[in-house]
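This report is for a reader who has not met the structure before. Please look through the sequence and the coordinates first.

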Amino acid sequence: MEEKPLVGATIVNSNNSDMRESPVRPGSPKRSLREVHLESEAITGLYEKLIEDLRRKIEDPSIDNNILCRDFLAEIYQGNKVDYDRLMNADNTPLPTKVLLASFDPRNITLEPEYYTEVDPQKYYQRKPLIWLWIMFDRSPLGQNLYLGTRLRRLLAGYIFKRCGKNVKIFHGVEFSFGYNLSVGDNVVFHRYSLIDDRGEVIIHDNTSISDYVNVYSHSHSIVDANDVSLGTTEIGPNARVTYHSTVLSGIKIGNEAMVGSFGLVTRNVRPHHVNVGIPAKSVRVKPNACASCDEDCGRRVI
Ligand SMILES: CC(C)(COP(=O)(O)OP(=O)(O)OC[C@H]1O[C@@H](n2cnc3c(N)ncnc32)[C@H](O)[C@@H]1OP(=O)(O)O)[C@@H](O)C(=O)NCCC(=O)NCCS
């Protein structure tokens, strides 16, 4: 019997950087991820068409983004074109189905950030349909499709974030608060289930990696009165790595090329090139590639 050929994704030598974890700098031969392309150009084309179609609809001022979100979600969850109004008004539509259909419309659901007193309603409700689309896409049968998902989230981030740089890669399950207080530089990667709380302001500079399950905060509560909330500006990078399961508290600055070890709790600023670990996170070493042209306090020079 002939051996069945392997089908699926193929490795190619193109410069597509969607799958790479960190940017390749001149002179650096290292890559931690291989490049993967889908086997079928027809399917790749379908995905691209879907993204372009969404982009066109988002840009079209005659289309209400609430309806866009509702219909998109109804179709990907029901697997078919949905006559929304007919199903909602029909007596024979089961009650749970009506509730499901209703909840696809962002006007029929609430999200935690809209309860925060400092919310800017104008900015938030402008974005809410795309935030809900993002959240529900991630939980849909399509949510773990990395190839499609990274492209879709990149598109949405461009409309939701205060700033979204080039080649930003966002895995599934990533959450943020308002979106409009979050600035993201080029080549930033957000890994699975990271939480970026931009109640205050969060700035993530170029080439920074936020690992799985990392929490980045920009608000805190008084120890006396939980309703007394203070907002901060939290700034990370450029070229920094906050590694898995770490938490960065509000108002912290993590410097150029700095790193936070896994499970770190960052309560004090992390100096450029330093590796801080533990609870609270403290410097255990300075990276050997620290150089004079970086920040003043970079500690070491390249030999
Ligand atoms: C931060 C990290 C890189 C440190 O590695 P390292 O430079 O080789 O440091 P060492 O292993 O020599 O550890 C130095 C000291 O810090 C401690 N330490 C290291 N990592 C720690 C961590 N995450 N939390 C607490 N302590 C840690 C070590 O126990 C050691 O303490 P000791 O001197 O008392 O024995 C590594 O521990 C880490 O957290 N890696 C995360 C993995 C990663 O890159 N994830 C990215 C995913 S996208």
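The text below goes through two helices, a sheet, a hairpin and the surroundings of the ligand.

The model is predicted.

**Helices α2 and α5**

The table lists the two helices with their lengths and end-to-end distances.

| Helix | Number of residues | Distance between end C-alpha atoms | Span at 1.5 Å a residue |
|---|---|---|---|
| α2 | 14 residues | 19 Å | 20 Å |
| α5 (121-138) | 18 residues | 24 Å | 26 Å |

For α2, the reach from the first C-alpha to the last is close to what is expected. For α5, the distance of 24 Å agrees with the span of 26 Å that its 18 residues should have.

Helix α5 is bent: at lysine 128 the angle is about 45°. Proline 129 follows within four residues of that point. Both Lys128 and Pro129 belong to the buried residues of α5. The others in that set are Arg127, Leu130, Ile131, Trp132, Leu133, Trp134 and Phe137. Which helices do the buried residues of α5 pack against? They pack against α2 (65-78) and α6 (146-160).

In α2, the buried residues are Asn65, Cys69, Arg70, Phe72, Leu73 and Ala74. Their packing partners are α1 (41-59), α3 (84-89), α4 (95-103) and α5. Glycine 79 comes after α2 and has a positive phi, near 70°.

**The sheet**

Five strands make up an open sheet with parallel pairing, and their order is β3-β6-β9-β14-β17. At the edges are β3 (163-164) and β17 (253-254), each of which pairs on one side only. Strand β3 is joined to β6 (residues 182-184) by two bridges in the parallel sense. Cysteine 164 has valine 184 of β6 as its bridge partner.

**The hairpin and the ligand**

Strands β20 and β21 run antiparallel and are joined by four bridges. Asparagine 276 lies opposite serine 283, a residue of β21. The hairpin that these strands form has four residues between them, and glycine 278 there has a positive phi near 95°.

Which residues come nearest to the ligand? Of the 14 residues around it, these are Ser211, Thr243, Gly261, Ser262 and Val277. The elements giving two or more residues to this shell are β20 (274-277) and β21 (282-286). How is the shell divided by class? It has seven polar, six nonpolar and one charged residues.

Technical notes. Residues are numbered from 1 along each chain as its sequence is written. This is a predicted model: local features need pLDDT of at least 70, side-chain atom pairs count only at pLDDT 80 or more; totals for chains, interfaces and linings use all residues. A residue is near a molecule or strand if its C-beta atom, placed from the backbone, lies within 6 Å of it. Ala, Val, Leu, Ile, Met, Phe, Trp, Tyr, Cys and Pro count as nonpolar, Asp, Glu, Lys and Arg as charged, and the others, Gly among them, as polar. Two strands pair if DSSP finds at least two bridges between them. The expected span of a helix is 1.5 Å times one less than its number of residues. The bend at a residue is the angle between axes fitted to the seven residues ending there and the seven starting there. A residue is buried if 20 or more other C-beta atoms lie within 10 Å of its own, exposed if 12 or fewer, and partly exposed in between; C-beta atoms are placed from the backbone. Two residues are in contact if their C-beta atoms, placed from the backbone, lie within 7 Å.
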